[in-house]
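Ready for some practice in reading a structure by its contacts? Take a look at the model below, then work through the exercises one at a time.

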Amino acid sequence: AMVSVGGAKFYKSIKIEKGDTLWDIANENLPEKYSSTEEYVKVLKEINGLSSDKIYSGENLMIMYMTE
């Protein structure tokens, strides 16, 4: 489980570019408080209601980021 120590959670929508994978996006936006990309990928899938890691270019993906 993730423990939130200070910092607020924010959500923003990003456009999925051609060639992007969920893992690429997770790596690029990984909040410091997460110990692993895998953990954050799970969060992204939950937020976006994804049952698999498959995403499609041209669609929007909601990502979560945090302030320190």
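Here are five exercises, each with a worked solution.

This is a predicted model, in which local features need pLDDT of at least 70, side-chain atom pairs count only at pLDDT 80 or more, and totals for chains, interfaces and linings use all residues. Residues are numbered from 1 along each chain as its sequence is written, and side-chain values use heavy atoms, with hydrogens and water left out.

**Exercise 1. Describe the fold and surface of the protein chain.**

Step 1: start with the elements. There are 2 helices and 2 strands, and from the N terminus they run β-α-α-β. Helices (H or I, at least four residues) and strands (E, at least two) are DSSP runs, numbered from the N terminus.

Step 2: turn to burial. Of the 68 residues, 25% count as buried; buried means under 20% relative accessible area, exposed over 50%, and partly exposed in between (1.4 Å probe, protein chains only).

Step 3: add the surface. The chain exposes about 4600 Å², with carbon and sulfur atoms supplying 49% of it. These areas come from the Shrake-Rupley method with a 1.4 Å probe; for residues, only the protein chains shown count as cover.

Step 4: check the contact range. Among contacts (heavy atoms within 4.5 Å) with a separation of 6 or more, 66% join residues 24 or more positions apart.

**Exercise 2. Find the residues that touch the most other members of the largest nonpolar core, and follow two of them.**

Step 1: apply the criterion. A nonpolar core is a set of buried Ala, Val, Leu, Ile, Met, Phe, Trp, Tyr and Cys residues joined through side-chain atoms within 4.5 Å.

Step 2: pick out the residues. In the largest core, which has 15 residues, they are I25, Y40, L61 and I63. The elements giving two or more residues to this core are α1 (22-29), α2 (37-48) and β2 (60-66).

Step 3: follow L61. This residue sits in strand β2 and counts as buried at 2% relative accessibility. Beyond four places in sequence, its contacts include K12, I14, I25 and L50.

Step 4: follow I25. Beyond four places in sequence, I25 contacts I14, I16, D20, I55, L61 and I63.

**Exercise 3. Classify the aromatic pairs.**

Step 1: count them. The whole structure has 2. Rings of Phe, Tyr and Trp (its six-membered ring) pair if their centres lie within 6.5 Å; planes under 30 degrees apart count as stacked, over 60 as edge-to-face and the rest as tilted.

Step 2: take F10 and Y65. Their centres are 5.6 Å apart with 25° between the planes, so the pair is stacked. F10 lies in strand β1 (residues 9-15) and Y65 in strand β2, so the pair ties together parts 55 residues apart in sequence. F10 is partly exposed at 35%, and Y65 is partly exposed at 32%.

Step 3: take Y34 and Y40. At 5.4 Å centre to centre and 50° between the planes, this pair is tilted. Both Y34 and Y40 are buried.

**Exercise 4. Which charged residue lies over the face of Y65?**

Step 1: apply the test. NZ of Lys or CZ of Arg must be within 6 Å of the ring centre and within 35 degrees of the ring normal.

Step 2: name the residue. K12 lies over the face of Y65, at 5.1 Å from the ring centre.

**Exercise 5. Locate the salt bridge.**

Step 1: recall the idea. Side chains of opposite charge can pair when their charged atoms come close. The cut-off is a side-chain nitrogen of Lys or Arg within 4 Å of a carboxyl oxygen of Asp or Glu.

Step 2: search. The structure holds 1 salt bridge: K45 with D53, whose closest N and O atoms are 2.7 Å apart.

Step 3: check exposure. D53 counts as partly exposed, at 35% relative accessibility.
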